[in-house]
Amino acid sequence: MLWLDDYERRARLAPGLLALLSINVALAVLGLSKAPVVVSVVTALSLAGGPVALAEVVRHQGRKTQEALWASWGGSPTIQKLRLREEGQNTLQREIWRKAVSSVTGVALPSLRSENGNPVRADEALEVAVGQLRNLTRDAEKFPLIRAENRSYGFQRNIYGIRWVARAIACGVGLGVLAYMLWLARINHQSALTLANILALAASGGCLMMWWLLPSPERLKSAAERYAYELLQAAVVLDAEKNATPEAGQQQP
């Protein structure tokens, strides 16, 4: 845990731990969480960088999902908000953002004619400008809202990216509990309908239900829109600060 920063813990590790929740709950309910073998495996994984590896796997799946979603959306929300050819935009707000982004990054944003003539190249220029803007707004203390919205977007993106893996894990745990109950009843001739077994089965079903309801493309896009808005608003703040700063060599009154 100490090897990960706040963003990695909340946006990457947390989704991964939620994906493994059904396993943890089933082990706890069945009384196996304190078994020597389980404790040894968990300890070994923790010391060997298990949380870091889990966070990296979640990040990889989230990035893959992001690429596919951005393609279906027509580009990232930040790029869309800066395009002149994009319909349904608040044109006044867009011009304020474009002026501020161009001013603080030093990147000339494409005109409407350039966008219509070569949209791919125009988007590349916008991507460069947005990348520069991200670098200028990495100070979490100065831009706390950007940090918060970026973390929220990262969480939603990664939750959506690993949804099928998490669902498969929950299904596997449920089937495993069922197989264990059948083994008790038919092979070991014991009662399978114990409170622990029923709770473990219900827990796996609850986790599966959670993973059908929690990941949402609508919530993901809403989080992306909020992050894009805060990022572009930060450009306006930086531009105002830049214009308020006296030019080099100018004497103060």
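Contact here means heavy atoms within 4.5 Å, and in this predicted model Leu-232 makes such contacts with Thr-78, Lys-81, Leu-82, Trp-97, Val-101 and Leu-133, once residues up to four places away in sequence are set aside.

**Overall build**

The protein chain holds 12 helices and zero strands, so that, by the definition of these elements, the order from the N terminus on reads α-α-α-α-α-α-α-α-α-α-α-α. Of the 253 residues in the protein chain, 36% are buried. Among contacts in the protein chain with a separation of 6 or more, 75% are between residues 24 or more positions apart.

**The nonpolar cores**

In soluble globular proteins, nonpolar side chains tend to be buried together. In this model the largest nonpolar core has 20 residues, and those touching the most other members are Leu-82, Val-101, Leu-133, Ile-146, Leu-231, Leu-232 and Ala-235. At least two residues of this core are supplied by each of helix H5 (77–82), helix H6 (91–105), helix H8 (119–136) and helix H12 (217–244), with H12 giving the largest share, six residues. A second core, separate from this one, consists of seven residues, including Leu-69, Tyr-153, Tyr-160 and Ala-224.

**Helices H8 and H11**

The two helices in the table can be described in the same terms, starting with their lengths.

| Helix | Residues in helix | Expected span | Distance between end C-alpha atoms |
|---|---|---|---|
| H8 | 18 residues | 26 Å | 26 Å |
| H11 (195–213) | 19 residues | 27 Å | 27 Å |

For H8, the span expected at 1.5 Å a residue agrees with the distance between its end C-alpha atoms, and the corresponding values for H11 agree as well.

The buried residues of H8 are Ala-122, Asp-123, Leu-126, Ala-129, Val-130 and Leu-133. Seen down the axis of H8, these residues fall within an arc of 120°, so they line one face of the helix. They pack against H5, H6, helix H7 (112–117) and H12, while the face of H8 turned away from its buried side carries the exposed residues Val-120 and Arg-121.

In H11, the buried residues are Asn-197, Ala-200, Ala-203, Ser-204, Cys-207 and Trp-211. Because they cover an arc of only 125° around the axis, they are placed on the same side of H11. The exposed residues Leu-195 and Leu-213 are carried by the face of H11 turned away from its buried side.

**Three residues in their surroundings**

Ala-122, which has its place in helix H8, has a relative accessible area of 3%, and because buried means under 20%, it counts as buried. Leaving aside neighbours within four places in sequence, Ala-122 is in contact with Pro-110, Ser-114 and Glu-115; its C-alpha atom is 5.7 Å from that of Pro-110, although the two residues are 12 residues apart in sequence.

Arg-85 is found in the loop between H5 and H6, and its relative accessibility of 28% makes it partly exposed, because that class lies between the cut-offs of 20% and 50%. Not counting residues up to four places away in sequence, Arg-85 touches Leu-112, Glu-115, Asn-116, Pro-119 and Asp-123. Glu-115 is 30 residues from Arg-85 in sequence, yet their C-alpha atoms are 6.9 Å apart in space. Glu-115 is also among the contacts of Ala-122.

Leu-208 lies in helix H11 and touches Arg-167, Ala-170 and Cys-171, again not counting residues up to four places away in sequence. Between Leu-208 and Arg-163 there are 9.9 Å in space, C-alpha to C-alpha, for a sequence separation of 45 residues.

**The largest pocket**

The largest pocket has a volume of about 780 Å³. Its lining is made up of 29 residues, of which Arg-63, Trp-70, Arg-134, Asn-150 and Tyr-227 lie nearest its centre. Two or more lining residues are given by each of helix H1 (6–19), helix H4 (50–73), H5, H8, helix H9 (144–161) and H12. The largest share of this lining, five residues, comes from H9. H5, H8 and H12, which are among the elements that contribute to the lining, are also among the helices that each supply at least two residues to the largest nonpolar core.

How values were computed. Residues numbered from 1 in each chain as written. Predicted model: local features only at pLDDT ≥ 70, side-chain atom pairs only at ≥ 80, totals over all residues. Heavy atoms only, no water. Core = buried A, V, L, I, M, F, W, Y, C linked by side-chain atoms within 4.5 Å. Buried < 20%, exposed > 50% of the residue type's maximum accessible area, 1.4 Å probe, protein only. Helix = DSSP H or I, 4+ residues; strand = E, 2+ residues; numbered from the N terminus. Expected span 1.5 Å × (residues − 1). Arc of directions from axis to C-beta. 1 Å grid on protein atoms, 1.4 Å probe; cavity = no way out; pocket = protein on both sides within 12 Å on 5 of 7 lines; lining within 4 Å. Points joined across faces, edges and corners; volume = space filled by probe spheres on them.
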